[in-house]
Each structure stands twice: as C-alpha cells, then as structure tokens.
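Please open the structure in the viewer and keep the selection panel at hand. The tour moves from a pair of strands to a hairpin, and then to the chain as a whole.

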Amino acid sequence: RIEARLYTGNDHSCLTICAPGAKQLTLITSDQSDQPFSIVAAGANLPPVIHGVSGPTTLKVGETGTWTVTAYDPEKGPLSYSVVWGDEPPSVVPAIRIPSVTEPVKQTATFTHAYATAGTYTPSFAVTDSGGLSAKSSITVNVGKMIPTPSITVLSPNGGEVWQKGT
C-alpha cells in the first residue's frame with residue numbers, strides 16, 4: 001500500500017509519498033517559481049551494481065583466461081572484488097581484492113585463471129561495498145581437451161605425377 005499526502009500553502013505545495021518498508025522517503029515540492037525539485041533522504045546504503053563480466057567462455061585445459069568485472073558503487077565508495085572459480089577445493093577462500101585507503105575507487109577488476117581439468121565451470125564474481133552489501137554475477141566457461149593442430153602429409157603425387165579426382 002502506498003500513501004500520498006498533498007499539502008498546499010500560500011507559497012508552496014508539498015507532496016509526500018510513503019511506501020511501507022521503504023528505506024528512502026522522497027519529497028517532491030515546488031516553490032513560487034513552479035520549478036520542481038526532489039529531496040531524497042540520505043543514509044540508505046545501496047548495493048554495488050555489476051555492469052558486466054567479460055572474458056572467455058571457451059578454454060583449453062591449462063590455457064589461462066582473463067576476466068574483467070565492471071562495477072560501481074552508487075555512493076561512490078570503495079569496492080572489493082572476489083571470485084570463486086568452481087574448481088577449487090571446498091576449503092579454499094575466494095580471492096579478494098580490497099583497495100587501499102589512498103587508492104581511488106576502482107570500477108573494474110581483472111582476474112586470471114587456468115583450469116586443469118576439462119568440464120563446464122561457472123565462475124562466480126562478487127563485488128562488495130564498504131557497507132557490506134554485495135552483487136554477484138557469473139559466466140559459464142567450457143573447458144575442453146587440448147585439440148591437436150590438424151596436418152596433412154601428401155604421399156602422392158610427389159614427383160610430377162598427375163592426381164585426378166576419384167582415383
């Protein structure tokens with residue numbers, strides 16, 4: 001249920017909109033100039049947003065791939081990045097990259113990894129803001145056996161003979 005209240009005075013109008021459970025209250029009002037503006041209550045931490053994950057979706061066994069995570073924090077705070085590759089033993093903690101205090105806010109992080117066994121993997125990338133909220137994204141990677149380079153050895157004709165189709 002959404003509640004709305006309209007107050008009208010001599011020099012202004014004020015519309016208040018409230019939604020149950022909302023973490024943010026927005027007031028929309030106009031002064032005598034009739035130019036609208038918004039006031040948004042501060043204090044609500046919003047989770048980071050992952051714009052995308054780019055990287056290979058097909059690799060050979062032992063081939064190193066590079067993935068890039070692009071994200072931002074709506075409050076422009078520092079972000080930490082982590083990844084679970086899907087081939088680590090259960091007790092391994094994900095690799096985490098936390099920027100230093102003097103480092104500017106990072107919007108991308110790059111990870112590299114090589115899979116030792118053929119199969120289908122789903123690496124999961126997480127981005128966490130300084131308030132502890134996070135966003136996750138994943139990508140599917142098909143890892144196949146090493147494919148030998150095809151080659152052809154011509155045995156005949158090899159000395160001036162004529163080769164005819166079908167013989």
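**Strands β8 and β12**

Select residues 79-84, which form strand β8, together with residues 124-129, which form strand β12; the two strands run antiparallel and are joined by six bridges. This model is a predicted one. For a single bridge within this pair, select Val84: its partner in β12 is Ser124.

**From β12 to β13**

Keep β12 selected and add residues 134-138, which are strand β13. How many bridges pair β12 with β13? There are five, and the pairing is again in the antiparallel sense. To see one of these bridges, select Ala126, whose partner in β13 is Lys136.

Next, select the stretch between these two strands. β12 and β13 form a hairpin with four residues between the strands. Select Gly132 in this hairpin: the residue takes a positive phi near 90°.

**The whole chain**

Now clear the selection and colour the chain by secondary structure. Which kinds of element does the chain contain, helices or strands? The chain has 14 strands and zero helices; read from the N terminus, each element in the series is therefore a β strand, as the run of elements shows.

Next, display the surface. The chain exposes about 11800 Å², of which 57% is supplied by carbon and sulfur atoms. Of the 167 residues in the chain, 20% are buried.

Finally, display the contacts. Among the contacts in the chain with a separation of 6 or more, 52% involve residues 24 or more positions apart.

Methods
Residues are numbered from 1 along each chain as its sequence is written. This is a predicted model: local features need pLDDT of at least 70, side-chain atom pairs count only at pLDDT 80 or more; totals for chains, interfaces and linings use all residues. Side-chain values use heavy atoms; hydrogens and water are left out. Buried means under 20% relative accessible area, exposed over 50%, partly exposed in between (1.4 Å probe, protein chains only). Contact means heavy atoms within 4.5 Å. Accessible areas come from the Shrake-Rupley method with a 1.4 Å probe; for residues, only the protein chains shown count as cover. Two strands pair if DSSP finds at least two bridges between them.
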